[in-house]
Amino acid sequence: MIHDLVIKNFQSHKETSLAFDKGFNSIIGTTDSGKSAIYRSLYWLTFNKGANFISFWNRKKDGTPKEETSSTITLGEHS
């Protein structure tokens, strides 16, 4: 079971923490609020595959990231 998810400098999320409860959890929000980015961060963690996840505000002029982009998940007692 997923306990929590922390996303930093990932697409539309500067720093986001989500806590999940047992059972069904739903992510809702307005258009362009970052819902799909949450699913992409879970995909990145699950399959270690991702592309262009550096947020626009986290890029230097040469395109390299200013700060680390990360996504951390806690499953039970493990991260």
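**Note on Ser-71 and its surroundings**

1. Ser-71 sits in strand β3, which covers residues 70–75. The model is a predicted one, and the points below should be read in that light.

2. Is Ser-71 buried or exposed? Its relative accessibility is 11%. Buried means under 20%, so Ser-71 counts as buried. Across the chain, 27% of the 79 residues count as buried.

3. Which residues does Ser-71 touch, once neighbours within four places in sequence are left aside? They are Leu-5, Val-6, Ile-7, Ser-41, Trp-44 and Leu-45. Leu-5, Val-6 and Ile-7 fall within β1, residues 2–10. Ser-41, Trp-44 and Leu-45 fall within helix α1, residues 35–47.

4. The partner across the sheet is clear. Ile-7 stands opposite Ser-71 of β3. The two strands, β1 and β3, run antiparallel and are joined by six bridges.

5. On its other side, β1 pairs with β2, residues 13–19. This pair is also antiparallel, with six bridges. Within it, Leu-5 has Leu-18 of β2 as its bridge partner. Leu-5 is also among the contacts of Ser-71.

6. The hairpin of β1 and β2 has two residues between its strands. Gln-11 in this hairpin takes a positive phi near 50°. That is a backbone angle to check when preparing the model.

7. What is the strand order in the sheet? The order is β2-β1-β3, in an open sheet with antiparallel pairing. β2 and β3 stand at the edges and have a single partner strand each, so one side of each lacks a neighbour in the sheet. On average, neighbouring strands are turned by 5° against each other, with direction ignored. Ser-71 therefore belongs to an edge strand, yet counts as buried at 11% relative accessibility.

8. Helix α1 lies across β1, β2 and β3. Its direction is at about 105° to β1. Three of the contacts of Ser-71 noted above, Ser-41, Trp-44 and Leu-45, come from this helix.

9. The overall inventory is one helix and three strands. From the N terminus, the elements run β-β-α-β. Of the contacts between residues at least 6 apart in sequence, 57% join residues at least 24 apart. The contact of Ser-71 with Leu-5 is one example of a pairing between β3 and β1 residues.

10. The accessible surface of the chain is about 5,900 Å². Carbon and sulfur atoms account for 53% of that area.

Note on methods: Residues are numbered from 1 along each chain as its sequence is written. This is a predicted model: local features need pLDDT of at least 70, side-chain atom pairs count only at pLDDT 80 or more; totals for chains, interfaces and linings use all residues. Side-chain values use heavy atoms; hydrogens and water are left out. Helices (H or I, at least four residues) and strands (E, at least two) are DSSP runs, numbered from the N terminus. Buried means under 20% relative accessible area, exposed over 50%, partly exposed in between (1.4 Å probe, protein chains only). Contact means heavy atoms within 4.5 Å. Accessible areas come from the Shrake-Rupley method with a 1.4 Å probe; for residues, only the protein chains shown count as cover. Two strands pair if DSSP finds at least two bridges between them. Axes are lines fitted to C-alpha atoms, for helices over the stretch in contact, and angles run from 0 to 180 degrees between N-to-C directions.
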